[in-house]
Each structure stands twice: as C-alpha cells, then as structure tokens.
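Hi,

Here is the structure I promised to pass on. Have a look at it first, and then read on for my notes.

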Amino acid sequence: MIEEGKPLFVQIAEHIEDSIVDGSLTEQAQAPSTNELAAFYRINPATAAKGVAMLADKGVLHKRRGIGMFVAEGARDLLLGERRSAFADRFVAPLLAEARRIGLDAEDLAALIRERSTQSTMGRES
C-alpha cells in the first residue's frame, strides 16, 4: 500500500478516505486509531496521527474525547464531491479540449461514451 514519492501521512489519509467512499467505514463509525494505523503500516504513530489530523481538519473525522476518532456526518458526500470535482478537472476537461480539437461536439462525445460503455459492459458479461 505504501508508495514512493507521496508522504506517508497523505497515503494514510487517502486510505481512510477510500474506506469512507467505498462504504467499508460508515458515517459515525469509529476510525482506526493512530496506534492501529502505525502498527498496520509499520510507521511512526506521529505520522499516522498527522494523516488523521488532516482528515479532522477537513471535517471528515471528528474526535470524541476519551473514545477516539469517528467518521463525521456527511463525510462521504464531502469526499464524493471533492472526487467528482477532481475527476472533472483531471479527465473531463482534457477530454472536452481534445474533442474540440478533433471536431467532436457534445452529442458526438456522448455517443462515443455510450458506445464504449456498452462495449465495456458486454465484455464483462462474457
């Protein structure tokens, strides 16, 4: 899970975010403790704490004194909104720019996406 070139605390935060987005960590559920994260990833607890603090600052996690960190109400929607925006910036904007360059309008592009989506779905059924 640990990848080179990206700070460990960011990777920890992203892993927790992924768990919230995919539903394996639900709203109001207790998040893994910094000690659990540190033991699992074999990292310093301070590094794990930095990742957890990043999510708390963002409003994804909240602390219940003496108990631990919990997934905040609305955290999944917040993360999905961020990811949709990032997806649009990273993939949709360049797609639209290239479509314009090669003379495709919105309808042409939508037709291509529907066609590829159908092919992709059919390929999984076989």
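I'll start with a helix pair. On the α2 side, T34, N35, L37 and A38 make contact with P45, A48, A49 and V52 of α3. Sorted by class, that contact has 6 nonpolar and 2 polar residues, with no charged ones. Keep in mind throughout that this is a predicted model.

As for the geometry, α2 covers residues 34–41 and α3 covers residues 45–58, and the two pack at an angle of about 120 degrees with their axes 8 Å apart. That angle makes α2 oblique to α3, because roughly perpendicular stops at 115 degrees. The crossing of α2 and α3 is right-handed.

The other pair I looked at is α1 with α4. Helix α1 runs over residues 8–21 and helix α4 over residues 75–101; their axes are 9 Å apart, at an angle of about 110 degrees. Here the angle falls within the 65 to 115 degree range, so α1 counts as roughly perpendicular to α4. The residues that meet are E14, E17, D18, I20 and V21 from α1 and A75, R76, L79, L80 and R83 from α4. By class, this contact splits into 5 nonpolar and 5 charged residues, with no polar ones.

Now for the chain as a whole. There are 5 helices and 2 strands, and in sequence order they give the pattern α-α-α-β-β-α-α. The radius of gyration is 19 Å, whereas the globule rule gives 14 Å for 126 residues, so the chain is more spread out than a compact globule. Along the principal axes, the C-alpha atoms fill a box of roughly 60 × 30 × 30 Å.

How much of the chain is buried? Of the 126 residues, 25% count as buried. On contacts, if you take those between residues at least 6 apart in sequence, 54% join residues at least 24 apart.

One last residue to look up is T26, which sits in the loop between α1 and α2. Its relative accessible area is 46%, so T26 is partly exposed, the class between 20% and 50%. From T26 to K50 there are 24 residues in sequence, and the C-alpha to C-alpha distance is 21 Å.

That's what I have for now. Shout if you'd like to go through any of this together.

Cheers

Notes
Residues are numbered from 1 along each chain as its sequence is written. This is a predicted model: local features need pLDDT of at least 70, side-chain atom pairs count only at pLDDT 80 or more; totals for chains, interfaces and linings use all residues. Side-chain values use heavy atoms; hydrogens and water are left out. Axes are lines fitted to C-alpha atoms, for helices over the stretch in contact, and angles run from 0 to 180 degrees between N-to-C directions. Helices (H or I, at least four residues) and strands (E, at least two) are DSSP runs, numbered from the N terminus. Angles under 35 degrees count as roughly parallel, over 145 as roughly antiparallel, 65 to 115 as roughly perpendicular and the rest as oblique. A crossing is left-handed if the near helix is turned anticlockwise from the far one by less than a right angle, and right-handed if clockwise. Contact means heavy atoms within 4.5 Å. Ala, Val, Leu, Ile, Met, Phe, Trp, Tyr, Cys and Pro count as nonpolar, Asp, Glu, Lys and Arg as charged, and the others, Gly among them, as polar. The radius of gyration is taken over C-alpha atoms; the globule rule is 2.2 Å times the number of residues to the power 0.38. Buried means under 20% relative accessible area, exposed over 50%, partly exposed in between (1.4 Å probe, protein chains only).
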